[in-house]
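Biologist: I'm new to this one, so could you walk me through it?
Modeller: Sure, have a look and then ask away.

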Amino acid sequence: MKELTGTATTKDWVQVTKGLTMRPKYGNTRCWSELCQREFASMAERRRGEDLRMMEMAGTITNLEYQPQWVLSAKPKVTYTADFRYCEAPGHLPLERIDYVVVEDVKGVMTDASRVRIAWLKQKYGIIVKVVPAKEVNR
């Protein structure tokens, strides 16, 4: 397959359906995780997902979810999809709260659109997103 470079146009997307592929805008590489049995959007997201999966297996966290989604607006439809949502397990929390839910998003580049949606999520649902910089996850 031929790879397209530069900024994508409508014509480029039409060509994608004819056997051409687009290079990711921020240079991320989609990758598979055997541990999690799923594909991730980037190496950093995969590493963080594997760390969280190991923490879940060890009992440090519970109810690990990948790609949880919230509707921010019905018309026009606007959604926010985080990378992970999980619960801190009892004994690993301040004040032993059982219902402490963490929402995480691994970001290589924090765009204005991301900032707006994260703020919108907080305003609408009271959810605070823990943004994990990709450089902190990369080993």
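Biologist: Let's start in the middle of things. Leaving aside its neighbours within four places in sequence, which residues is Val106 in contact with?
Modeller: Keep in mind that this is a predicted model. Contact here means heavy atoms within 4.5 Å. Setting aside neighbours within four places in sequence, the list for Val106 is Ala44, Glu45, Arg48, Asp83, Phe84, Val132, Ala134 and Val137.

Biologist: Which residues touch the most other members of the largest nonpolar core?
Modeller: That core has 13 residues. Helices α2 and α4 and strands β5, β8 and β9 each supply at least two of its residues. The ones touching the most other members are Leu52, Leu64, Phe84, Tyr86 and Val106.

Biologist: And how many residues are in the second, separate core?
Modeller: Its members include Leu72, Tyr80, Ala82 and Ile118. Ile118 is also among the buried residues of α3. The size of that second core is 10 residues.

Biologist: Which strands are at the edges of the open sheet?
Modeller: The sheet has four strands, in the order β5-β8-β9-β10, with mixed pairing. From one strand to the next, the twist averages 25°. An edge strand pairs on one side only, and that fits β5 and β10.

Biologist: How many bridges join β8 to β9?
Modeller: These two strands run antiparallel. One pairing to look for is Arg85 with its bridge partner Val103 in β9. The number of bridges joining β8 to β9 is four.

Biologist: What angle does the direction of α2 make with that of β5?
Modeller: α2 packs on the sheet and touches β5, β8, β9 and β10. Among its buried residues are Ala44, Glu45, Arg48 and Leu52. Its direction and that of β5 make an angle of about 150°.

Biologist: How far apart are the end C-alpha atoms of α2, and why does that agree with its number of residues?
Modeller: The helix has 16 residues, and at 1.5 Å a residue they should span 22 Å. The distance in the model agrees with that: 23 Å.

Biologist: Now for α3. Within what arc do its buried residues fall, seen down the axis?
Modeller: The buried ones are Ser114, Ile118 and Leu121. On the other side of the helix, Asp112, Val116 and Gln123 are exposed. The buried residues line one face, because seen down the axis they fall within an arc of 55°.

Biologist: Which strands are included in what covers those buried residues of α3?
Modeller: α3 covers residues 112–125, and Gly126, with a positive phi near 75°, follows it. The cover over its buried residues includes β6, β7, β9 and β10.

Biologist: Which residue does a cis peptide bond join to Lys75?
Modeller: Look in the loop between β6 and β7. Omega of that bond is about -10°. The partner of Lys75 is Pro76.

Biologist: Is Gln37 buried, exposed or partly exposed, and why?
Modeller: Gln37 is in the loop between β3 and β4. Its phi is positive, near 55°, though it is a residue other than glycine. Buried would need under 20% and exposed over 50%. At 49% relative accessibility, Gln37 therefore counts as partly exposed.

Biologist: Where does Asn63 lie?
Modeller: Asn63 is a residue other than glycine with a positive phi, near 55°. To find it, go to strand β5.

Definitions and conventions. Residues are numbered from 1 along each chain as its sequence is written. This is a predicted model: local features need pLDDT of at least 70, side-chain atom pairs count only at pLDDT 80 or more; totals for chains, interfaces and linings use all residues. Side-chain values use heavy atoms; hydrogens and water are left out. The expected span of a helix is 1.5 Å times one less than its number of residues. Buried means under 20% relative accessible area, exposed over 50%, partly exposed in between (1.4 Å probe, protein chains only). The arc is that of the directions from the helix axis to the C-beta atoms. A nonpolar core is a set of buried Ala, Val, Leu, Ile, Met, Phe, Trp, Tyr and Cys residues joined through side-chain atoms within 4.5 Å. Two strands pair if DSSP finds at least two bridges between them. Axes are lines fitted to C-alpha atoms, for helices over the stretch in contact, and angles run from 0 to 180 degrees between N-to-C directions.
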